[in-house]
Amino acid sequence: MATDWSGQRFTLTFLLFSCFFAGGQTEAGVAELGGGTRILGMRLERSDKPAMTTDDGVIQVTEGSKTLFRFYGLQILPETSALIKFTELYDDGDMHGDGGAPLNRNCSEDTKDIVVKGGMNVSSQSTTGVLSLHFKPLRKSEMEKVFGLCVRDSLADKWHMLGDDDGWLRVVEEKKSLLPLWLQVIIISFLLVLSGMFSGLNLGLMALDPMELRIVQSCGTDKEKKYARKIEPIRRKGNYLLCSLLLGNVLVNTTLTILLDDLIGSGIGAVVASTSGIVIFGEIVPQALCSRHGLAVGANTIMVTKLFMLLTFPLSWPISKILDCVLGQEIGTVYNREKLVEMLKVTEPYNDLVKEELNMIQGALELRTKTVEDVMTPISNCFMIHSDAVLDFNTMSEIMESGYTRIPVFEEERSNIVDVLFVKDLAFVDPDDCTTLKTITKFYNHPVHFVFHDTKLDSMLEEFKKGKSHLAIVQKVNNEGEGDPFYEVLGLVTLEDVIEEIIKSEILDESDLYTDNRNRKKVAPNKNKRDFSAFKHESESKVKISPQLLLAAHRFLATEVGLFSPSQISDKVLLRILRHPDVIQEIKFHESDKRSPQHYVYQRGKAVDYFVLILQGRVEVEAGNENMKFETGPFSFYGVMALSAPTLEFRSPSHLSGLNRTASLSGADRTECLSVSGSNSQLNNSVPSPQYTPDFYVRALTDLQFVKITRAQYQNGLMASRLDSTPQSPESGHNMARMEQTTPPAATTDAGLDSTPTENGPDETTLLLLNEQNCLAGPPRTTANHHSQSENSI
């Protein structure tokens, strides 16, 4: 096996050596003859200037460049460079014969514009070789040239062109900068500044509308006024200025892009560089600056703006006129009422207005948008007076405590307002006269001003300014439900309500109970609140009736009821009894409980000691074993028997001399005797006597007002009447005057209310009544003067 393998290896080695030897002989023969070299193609290897291969496979180089080309073929030797030359073809438009001129394909003339340098650097396989080619610059009139590769056939000894497109070379003109580098950098920087200026002025100047510039000229600082005066003439030409700025900005940006493309030499690079520079230095920075300082920047660059407006006049002025015709004249920013209010609210942290000033401005601007219904006081919260009210002390005190100067007067129901009472109308009204309110309102006859609920507050203010009234009744037409429409009163509106809405704050005075009539929020308690009870007479009646009704009751009792006839009780004593606080009473009728014990004036089998005269309302009387029922009304009376029970013994006037013993009483006794507070205080003195038991019921059917006179009051009045009709001696009058001088003023109390009859002479009630008359009479005078003073006091 070893011997066989050694023999095979020797045979193989011999064959390889024979092949190499034969190949060496052959190559030497071809080298001598040169006929075996073939050039199949070429490729650009390297160039010191821009070079490329087009999509058509044509190699493109720049004039004046030094390049290395790699040639492909068979049997390539270093001397193969002598077999290569280039011939000039036609221009690029006629490369395929499109121009009509035939191509030079015969390689008859070689070009001098391409120089072959040195020999070819051949690879080890002799299939490729690198050759250095130098391209001469083109002539000035030439943009590019196309050359073809010609190869010499050594066997045929002639030149032929290699392929169609494989052997073509295109030499193009070298791209040169438009300007020197340093100048390009300066121009690009300047264009960036201009781009930023145009962009900033476009925002800054166009944001300053003519209206705002006029405002700044009037109320700005000195520097702002100076800037505004410079800008305002140009800003008035709004469209012309806009076209000039935009045209200049576009022109600068386009030029900047072209210069960057020439400087960089790449389209994509130029786009990226120009976009970055314009956005940062031409848009963001200048617009951020001019948005805050547009007035100053615009005024300081006004000459540059005018220059560009002049330079762009041929194009920008016609465009601006077209815009003026299409869009109309520029007015500027105009704020309506809502925008002004909102602007004030938004700029509140930055303006120098205090809160009160801001509220007043907002209130005045919003006045026209609000109606009286928004600010009125609802009818349920209004202080009002019934037209039948009596202007006595309680009513007038209530009016004064309310704190209002204009008070609506209604009839029947609160929504039926018929008049307005001014507090100053009460200047000449005496509460003791018990004048009816209707008398006062008819005398002054103030007009009642009605307005609809949708009346605007500015119109309401104009009505108040005319002076007709500072209070108006708010009403609306109610057409809901069935029936005819009617006017429904909603509330009251006053001049104060409108002013409070303007200043957006509540106006409080010392009499206000609420900070806001709508929210009903109470004010802090007023320690200085006036209490008018100090002026109130202690003996004033609790139930108020008109003077006419009081007089009618007086006349009825004096003429129709025998117990109150002038022969029994004098007219002035009867009037004194009727004015007593507890004589006039009332019963409030409750529909839910008609059989309430409070509704009964008399009850069968229940002893009473009073007389009743019905003044207003209706009662039901149930009498007899058959329980007969009937209704009666005003001026029906009951309980006469309660007053006509056995009367108190009254001594004759001859026994009145015992009154002179008062002078010898002790100081304490005299104090009790002289403690008198008024003529009505003696009417409550009780005298033990049998009581009257009725055999009937008297029950109220409605609200009731009636006169209730007790037996004690009647008997005291009876005694007072007899004392008034008894003449007094001068001695008694002198003694009573002396008692006044010796009695301390502090002794005037109501100690005589619980007095009892004395053993000798009249009881203590009689003494007190007599003492009252003497006290009212003043210093001792004639009997006629004494009676006149007593009548005046009644």
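Between which two strands does the loop that holds Lys 136 lie? Select Lys 136, and you will find that its loop runs between strand 7 (128-135) and strand 8 (144-153); helices (H or I, at least four residues) and strands (E, at least two) are DSSP runs, numbered from the N terminus. What you have open is a predicted model, in which local features need pLDDT of at least 70 and side-chain atom pairs count only at pLDDT 80 or more, while totals for chains, interfaces and linings use all residues. Residues are numbered from 1 along each chain as its sequence is written, and side-chain values use heavy atoms, with hydrogens and water left out.

**Around Lys 136**

Lys 136 is partly exposed, at 40% relative accessible area, where buried means under 20%, exposed means over 50% and partly exposed lies in between (1.4 Å probe, protein chains only). Now add Glu 63, which is 73 residues away from Lys 136 in sequence, although their C-alpha atoms are 6.0 Å apart. Beyond its neighbours within four places in sequence, Lys 136 is in contact with Glu 63, Gly 64, Lys 112, Asp 113 and Val 115, contact being heavy atoms within 4.5 Å. At Lys 112, look for the backbone oxygen, which lies 3.1 Å from a polar atom of the Lys 136 side chain.

**A core built from helices**

Next, select Leu 194, Phe 198, Leu 213, Ile 231, Leu 241, Leu 256 and Leu 295, the residues with the most contacts inside the largest nonpolar core, which has 29 residues. Such a core is a set of buried Ala, Val, Leu, Ile, Met, Phe, Trp, Tyr and Cys residues joined through side-chain atoms within 4.5 Å. Helix 2 (181-207), helix 3 (210-219), helix 4 (222-235), helix 5 (238-264), helix 6 (267-300) and helix 7 (302-311) each supply at least two residues of this core, and helix 2 gives the most, with eight residues. In soluble globular proteins, nonpolar side chains tend to be buried together.

Stay with helix 5 and select Asn 249, which is placed there. Asn 249 counts as buried, at 11% relative accessibility, and, leaving aside neighbours within four places in sequence, its contacts are Ser 195, Phe 198, Ser 199 and Glu 283.

**Helix 14 and a mixed sheet**

Move on to helix 14 (residues 457-465), whose buried residues are Leu 457, Met 460, Leu 461 and Phe 464. These four cover an arc of only 100 degrees around the axis, so they sit on the same side of helix 14; the arc is that of the directions from the helix axis to the C-beta atoms. What covers them includes helix 11 (372-375), strand 17, strand 18 (471-478), strand 19 and helix 15.

Select strands 11, 19, 18 and 17 together: in that order the four form an open sheet with mixed pairing, two strands being paired if DSSP finds at least two bridges between them. Strand 11 (377-378) and strand 17 (450-452) stand at the edges with a single partner strand each, so one side of each has no neighbour in the sheet. Strand 11 pairs with strand 19 (residues 486-494) in the antiparallel sense over two bridges, and Thr 377 has Leu 492 as its bridge partner in strand 19.

**An antiparallel sheet**

Finally, select strands 23, 28, 25 and 26, which form an open sheet in that order with antiparallel pairing. Its edge strands are strand 23 (600-602) and strand 26 (628-632). Strand 25 (residues 619-623) pairs with strand 26 over five bridges, and Glu 622 has Lys 629 as its bridge partner in strand 26.

Technical notes:
A polar contact is a pair of N or O atoms within 3.5 Å; within protein, one must be able to donate a hydrogen and the other to accept it, and residues adjacent in sequence count only if both atoms are side-chain atoms.
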